[in-house]
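Reader: I have a model open and would like to learn how to read it. Where do I start?

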Amino acid sequence: MKNSSRFRQLLIGSTYTWMVVLALIPYLILFIASFLLPGDDQLVQSGLSFSNYQHLISPAVFSMARSSILLAGVAALLCLLVGYPFAYILAQSSAKVQPLMLLLVMIPFWTNSLIRTYALVMMLKANGVINQVLMALGLIEMPLQLMYTQTAVFIGLVYTLLPFMILPLYAALKAVDPRLVEAGRDLGANWLNTFFRITVPLTTPGIIAGCMLVFLPALGMFYVADVLGGARSMLLGNYIRDQFLIYRNIPMGAAASVTMTVAMGLMLLLYFFASKRLNREAMQ
Amino acid sequence: MSRRLKWIYAGLVYAFLYLPLVVVAIFSFNDSKYSLAWHGFTLRWYEKLWHNSSLMSAALNSLLIAGCAATLATLMGTVAAFIMHQYRFPGRKLLFGSLFVMMMSPDIVIAISLLLLFLALHLPLGFPTLLVAHAVLCVPFVATTVYSRFHGFQRDILDAAKDLGADEYQVFRFIVIPLALPAVVGGWLLSFTLSLDDVIISFFTTGPDFEVLPLRIYSMVRLGIKPDVNALCVVMMGITIVALVLSRTLLKEKE
C-alpha cells in the first residue's frame, strides 16, 4: 500500500512540477517583464511601469496593431466562409469516402507551414505558376506583381490556416444530432431555415474555436509576412520578434505578447459561455 | 445543395490546398533549374540534396529533435492523462484547464514565455532548450489523445486488478499501458509531426549551434532558392504523411 501511494505521489508531483516550471512560471515571467523597462545589458531594469502598454497604444504602434488585427480578422472570416460549407460537405459525406477526405485535410494541417508558404511562393512569384499560366493563355502581357503585397500575405494566411478552421467545424458538425435537423424539416422548415436556425447555432462553439485557431496564429505568423509580404506588411508577430531580436527591448515584446494572451483569454471565455449555453439548452 | 455542386466545391478547396504542394513536387523531378516547362524526369535534385551537408544536417537535427521531444512529451502526457483519469487530487480541474489553455495558446506566446524562462535561468539556447520547448508544445496533445482512450475502457478491469492485489504501479504498468498503447503511440506520432511542423517556437528557442530545417529553409527562401529545396520539401512531406497515416490507423482501433 505504501508503494502505491508513493507511486501516485511521484506521478502527480512530476506532472505538477512540469506544469508549474514550464507553463505557469514562464507566463508569470512574461507578465512581470511586460511591466519592466529595458536595461542597458539586453535584459531588464527594475521598476514597474505601464509605459510599455502606453507605448502599445501610441499612434505608430497602434496603427500597425490595428492593421494586423484587421488582416487576421478578415483571414479568419474568409476561412470561416470557405471552411463552413466544406466542413458541412465533409461531415455529410458517406462513411466510405469520409476517412480519406478527412485525411486529405489533415495532411496540409500537419505539413510544415514554412514549406507550405514556400510552395505558395512558387505559385505567386513573377515567373511563378500563376503568371506563366495567365501569360500562356494570353490574358496578361506582363507578369502581375503578386509577391510582396498585402494580398500575398492575406492569401498566405488563409492558405496556411484554412485546415485549422475546417477541423473544429467538422468536429462540431459531426456532433449535431441529425434528428434535430430532421425534426425541423418535418415541421415544415426549408433547408435554409434548418441550416441557419438549427445547424449553425448548434455549432457555435466550433465556429468560435475555429476562428480562434485562425485569428491568433494569424497575428503571430511573422514568417508568412516576411516571405510573402517583404518588408512592408507587418503583423503583430513581426513586431514582437523585432522587439526581441533587433531592438533587444524584451519588456516591450512581452507587453505585446501579454496583449495577445489577453485576446486569447477573451476568446476562450466566449467559447466556454457558448458551449455552456448550448449544454444548458440541450438539457431543457 | 445538389450533389454535383458539393463535389465541385470540395474539389476547389482541395485544389487550393494541394496545388502549391503538387507544383513543388513536380519541380523536384523536373530536369531544369529555372524554367517551369517540363524538361524531363530527373532525380538529380535529390542527389544534390544528399550531398548538401548543411541542408542534410539541419534536416537530421529536425528529425532528432522531433523524436526526442515526442518521447519526452509522450511520457509526460501519458502520466498527466493517467492521473487525471485515475486519481482525484486537488487542482485536477485546474490541470485540465491549463492543458486546454496550452493547446490553444498561440505559438509565439509559448515561444516567448519559454525564451524568457531560459534567459532568466541563463541557459544557453540550443538542443536542450529546443527539446524542452517542443515537448511543452506537444504534452497537451498527447494528454488529450491518451485521456480519450482511457475514457473508452472499463473501470471494472482496473478494479478487478486491484481486488486481486495489484498495487498502483502494477495496474499502470500491466493494464493501463498495454490497453492504452495504440493511443500512446498515436500521441507520439502526433507529437513527432507537431515538432516537425513548428517554425515559431524553434525560431525563438534554439541557438546558432543547433539549426533545424524550418529555420534553414527560412533563411534560404529569403536569399533565393535552389531546386534541391524542392526535393527536401517533398521528403519532409513524405515523412509527415507516413507519420500521420500511422497515427490515424493506431487511434482508430478504439472505434
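Author: We go from the overall make-up to the core, the chain contact, one helix and a few backbone angles. Keep in mind that this is a predicted model.

Reader: What are the secondary structure elements of chain A, and how many residues of chain A are buried, as a percentage?

Author: Chain A has 13 helices and 2 strands. Of its 284 residues, 42% are buried. The C-alpha atoms of chain A fill a box of roughly 80 × 70 × 40 Å along the principal axes. Among contacts in chain A with a separation of 6 or more, 69% join residues 24 or more positions apart.

Reader: How do I read the nonpolar core?

Author: In soluble globular proteins, nonpolar side chains tend to be buried together. Here the largest nonpolar core has 162 residues. Those with the most contacts inside this core include Ala75(A), Leu161(A) and Val214(A) from chain A, and Ala111(B), Ile112(B) and Ala135(B) from chain B.

Reader: Which residues does Ala75(A) touch?

Author: Leaving aside residues up to four places away in sequence, Ala75(A) touches Phe154(A), Leu157(A), Val158(A), Leu161(A), Val214(A) and Ala218(A).

Reader: How many residues does each chain bring to the contact between chain A and chain B?

Author: Chain A brings 59 residues and chain B brings 56. On the side of chain A, helix H1 (residues 2-33) gives the most, with 18 residues. That side of chain A divides into 44 nonpolar, 13 polar and 2 charged residues.

Reader: Now a single helix. Is H11 of chain A mostly covered or uncovered, and what covers its buried residues?

Author: An α-helix has 3.6 residues a turn, so residues three or four places apart point the same way. In H11(A), residues 222-229, 8 of the 8 residues are buried. Among them are Phe222(A), Asp226(A) and Gly229(A). The cover includes helices H5, H7, H10 and H12 of chain A, together with helix H10 (213-223) of chain B. After H11(A) comes Gly230(A), with a positive phi near 65 degrees.

Reader: Which residues other than glycine have a positive phi, and where are they?

Author: Two cases will do. Arg248(A) has a positive phi of about 55 degrees and is found in the loop between H12 and helix H13 (250-283) of chain A. His122(B) has a phi near 55 degrees, also positive, and its place is the loop between helix H5 (107-120) and helix H6 (127-152) of chain B.

Reader: Are Arg248(A) and His122(B) buried or exposed?

Author: Arg248(A) is partly exposed, because 15 other C-beta atoms lie within 10 Å. His122(B) is exposed, because 6 other C-beta atoms lie within 10 Å.

Conventions: Residues numbered from 1 in each chain as written. Chains lettered and ligands numbered in written order. Helix = DSSP H or I, 4+ residues; strand = E, 2+ residues; numbered from the N terminus. Buried ≥ 20, exposed ≤ 12 C-beta atoms within 10 Å, placed from the backbone. Contact = placed C-beta atoms within 7 Å. Core = buried A, V, L, I, M, F, W, Y, C linked by C-beta atoms within 7 Å. Nonpolar A, V, L, I, M, F, W, Y, C, P; charged D, E, K, R; others polar.
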